[in-house]
Amino acid sequence: MKIHYSPYFDGEHYIDFQGRGNLLIDELAVGDSGLLSELELRSGMACACLSESERQASYYNAVKAVIESRPDNPITDSFKVDEYGVASELLRWRDELIAAGWNPDIRNVSAKLDFLSDIERHITGSGINIRGNSDRLIALINSKSRLLQKDDEIIVHFPAEHISPIIAKLLKKLSDEGMKITYLVPDKSIAADGTNLKKVQEAF
């Protein structure tokens with residue numbers, strides 16, 4: 001199996017079927033979400049996942065419960081103005097933090113992080129499901145299971161230095177397991193070598 005990956009492949013993407021004889025056998029084009037789902041499927045890691053709107057509703061309920069139990073929190077005033085907007089933004093922060101390796105046991109860094117920690121502990125204690133892509137990616141990275149077979153290959157159509165850190169970490173895990181990772185990024189330069197325009201392009 002060849003898996004063609006780019007963060008842009010989750011949306012509409014062009015496949016040159018004419019150049020492939022109108023066939024795409026044992027190959028797959030995926031973006032972040034597609035790669036995540038494919039790896040979960042192949043490794044047998046089931047995910048009871050909610051839609052983004054369901055996650056936001058569940059997180060809103062958790063935020064509201066923590067605010068009511070802890071009125072001295074740092075976001076009460078903002079929450080009174082726009083409850084759903086603030087809860088959705090806190091969920092976005094939370095997902096970014098999870099992807100960066102944060103967990104609710106990390107305390108005393110800032111009042112806002114402690115508040116997010118309180119929300120996360122409330123969610124865990126109440127059995128609320130808000131698992132998102134960050135949680136799923138961390139689970140794959142920490143998994144002891146083989147995610148793909150050694151004869152599989154991931155072809156990355158995106159510069160390695162611009163891939164998100166959590167996806168880069170996942171690709172490194174796959175590479176360490178013996179998976180072949182190939183970076184195939186075409187040169188988009190329109191300037192000929194040795195020209196001033198080429199030098200300007202290289203500077204950027």
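**Exercise 1. Determine which residues lie nearest the centre of the largest pocket, and describe its lining.**

Solution. In this predicted model, the largest pocket has a lining of 25 residues, and those nearest its centre are Asp-95, Glu-96, Asn-133, Ser-134 and Leu-137. The space within this pocket comes to about 490 Å³.

Next, sort the lining by residue class. It comprises 9 nonpolar, 7 polar and 9 charged residues.

Finally, assign the lining to helices. At least two residues come from each of α1 (32–43), α2 (52–69), α4 (83–99), α6 (133–142) and α7 (165–176). The greatest contribution is that of α4, which provides 6 residues.

**Exercise 2. Establish whether the length of α4 agrees with its number of residues, and identify what its buried residues pack against.**

Solution. Begin with the expected span. Helix α4 has 17 residues, and at 1.5 Å a residue these should span 24 Å. The C-alpha atoms at its ends are 25 Å apart, which agrees with that expectation.

Then list the buried positions of α4: Val-86, Ala-87, Leu-90, Leu-91, Arg-94, Asp-95 and Ile-98. These buried residues pack against α2, α3 (76–81), α5 (111–126) and α6.

Last, inspect the chain beyond the helix. Just after α4, Gly-101 adopts a positive phi of about 100°.

**Exercise 3. Carry out the corresponding analysis for α2, covering its span and its buried residues.**

Solution. For the 18 residues of α2, 26 Å is expected at 1.5 Å a residue, and the distance from the first C-alpha to the last is close to this, at 26 Å.

The buried residues of α2 are Arg-55, Ser-58, Tyr-59, Tyr-60, Ala-62, Val-63, Val-66 and Ile-67. Their cover includes α3, α4, α5 and α6.

**Exercise 4. Decide whether Asp-135 is buried or exposed, and describe its surroundings.**

Solution. First, locate the residue: Asp-135 belongs to helix α6.

Second, apply the cut-off. A residue is buried when its relative accessible area is under 20%. Asp-135 has a relative accessibility of 15% and therefore counts as buried.

Third, examine the polar surroundings of the side chain. A polar atom of the Asp-135 side chain lies 2.9 Å from the backbone nitrogen of Gly-132.

Fourth, identify the contacts that remain once neighbours within four places in sequence are set aside. Asp-135 then touches Arg-55, Arg-94, Ile-98 and Ile-130. Of these partners, Arg-55 is among the buried residues of α2, while Arg-94 and Ile-98 are among the buried residues of α4.

Notes
Residues are numbered from 1 along each chain as its sequence is written. This is a predicted model: local features need pLDDT of at least 70, side-chain atom pairs count only at pLDDT 80 or more; totals for chains, interfaces and linings use all residues. Side-chain values use heavy atoms; hydrogens and water are left out. On a 1 Å grid over the protein atoms alone, a cavity is a set of points where a 1.4 Å probe fits but cannot get out, and a pocket is an open set with protein on both sides within 12 Å along at least five of seven lines; lining residues have an atom within 4 Å of a point. Grid points are joined across faces, edges and corners, and a volume is the space filled by probe spheres set on the points. Helices (H or I, at least four residues) and strands (E, at least two) are DSSP runs, numbered from the N terminus. Ala, Val, Leu, Ile, Met, Phe, Trp, Tyr, Cys and Pro count as nonpolar, Asp, Glu, Lys and Arg as charged, and the others, Gly among them, as polar. Buried means under 20% relative accessible area, exposed over 50%, partly exposed in between (1.4 Å probe, protein chains only). A polar contact is a pair of N or O atoms within 3.5 Å; within protein, one must be able to donate a hydrogen and the other to accept it, and residues adjacent in sequence count only if both atoms are side-chain atoms. Contact means heavy atoms within 4.5 Å. The expected span of a helix is 1.5 Å times one less than its number of residues.
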